[in-house]
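Reader: I am new to this structure and would like to go through it step by step. Please show it to me before I start asking.

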Amino acid sequence: MVHGVTKLKILFLCTGNSCRSQMAEGWARHLKGDRMEAYSAGIETHGLNPLAVKVMAEAGIDISSQRSQHIEEFADTSLDWVITVCDNARESCPVFPGATRTKHVGFDDPPRLARDAGTEDEALAHYRRVRDEIRAFVETLPESLTEESD
């Protein structure tokens, strides 16, 4: 922790908290843990996606101990930002009390894209692309959060 500076509390929100929001939390903890406290949750809980765990491990980040959490678990948490990473979560995002601001940054859904994949390698290609797009976004944090919330 930087002396005298409070870390931003950021929640990454997705539909099922199984893939995209989990990867975002993992990247944020790994790349920006000195500047922010990262969490993830879903409108529903679908469990941790094993292919998301696998592609994050390829990048040197272990998210296997993270768990799928419901948004209601954060009802009493003072958050600075809620970042929705899928359109469904954006549309279903509850109103948060206090000074919480929201931002939407949509990413493709790897499980949906990989549904018709013939092999695991074909499926993993979708996960890897989205993983890398999420990393590129997380690298812009927290500076990119100074824009108007949406």
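Reader: How many helices and strands does the secondary structure of the chain come to?

Author: The model is a predicted one. Along the sequence, its elements follow the pattern β-α-β-α-β-α-β-α-α. The secondary structure comes to five helices and four strands.

Reader: In what order do the four strands lie in the open sheet?

Author: In general, strands of a sheet pair through backbone hydrogen bonds, either parallel or antiparallel. Here the pairing is parallel, and the four strands form an open sheet in the order 2-1-3-4.

Reader: Which strands stand at the edges of the sheet?

Author: The order of the strands in the open sheet is 2-1-3-4. An edge strand has a single partner strand, so one side of it is left without a neighbour in the sheet. The strands placed this way are strand 2 (36-42) and strand 4 (101-104).

Reader: Which residue in strand 3 stands opposite Leu13?

Author: Strand 1 (residues 8-14) and strand 3 (residues 81-84) run parallel and are joined by four bridges. Opposite Leu13, in strand 3, stands Thr84.

Reader: Which strands does helix 1 touch where it packs on the sheet?

Author: Helix 1 covers residues 20-32, and its direction makes about 170° with that of strand 2. Where helix 1 packs on the sheet, it touches strand 1 and strand 2.

Reader: Are helix 2 and helix 5 roughly parallel or roughly perpendicular to each other?

Author: Helix 2 (residues 50-58) and helix 5 (residues 120-138) have axes 9 Å apart and pack at an angle of about 65°. Angles of 65 to 115 degrees count as roughly perpendicular. The two helices are therefore roughly perpendicular.

Reader: How do the residues of the contact of helix 2 with helix 5 divide into nonpolar, polar and charged?

Author: On the side of helix 2, the contact includes Leu51, Val55 and Glu58. Helix 5 brings residues including Ala123, Tyr127 and Arg131. The residues of this contact divide into seven nonpolar, no polar and five charged.

Reader: Does Arg131 count as buried or exposed?

Author: Arg131 lies in helix 5. Leaving aside neighbours within four places in sequence, its contacts are Met23, Trp27, Val55, Met56, Glu58 and Ala59. The relative accessibility of Arg131 is 9%, and buried means under 20%. Arg131 therefore counts as buried.

Reader: How far apart in space are Arg131 and Cys19, C-alpha to C-alpha?

Author: In sequence, Arg131 and Cys19 are 112 residues apart. In space, their C-alpha to C-alpha distance is 9.3 Å.

Technical notes
Residues are numbered from 1 along each chain as its sequence is written. This is a predicted model: local features need pLDDT of at least 70, side-chain atom pairs count only at pLDDT 80 or more; totals for chains, interfaces and linings use all residues. Side-chain values use heavy atoms; hydrogens and water are left out. Axes are lines fitted to C-alpha atoms, for helices over the stretch in contact, and angles run from 0 to 180 degrees between N-to-C directions. Angles under 35 degrees count as roughly parallel, over 145 as roughly antiparallel, 65 to 115 as roughly perpendicular and the rest as oblique. Contact means heavy atoms within 4.5 Å. Ala, Val, Leu, Ile, Met, Phe, Trp, Tyr, Cys and Pro count as nonpolar, Asp, Glu, Lys and Arg as charged, and the others, Gly among them, as polar. Two strands pair if DSSP finds at least two bridges between them. Buried means under 20% relative accessible area, exposed over 50%, partly exposed in between (1.4 Å probe, protein chains only).
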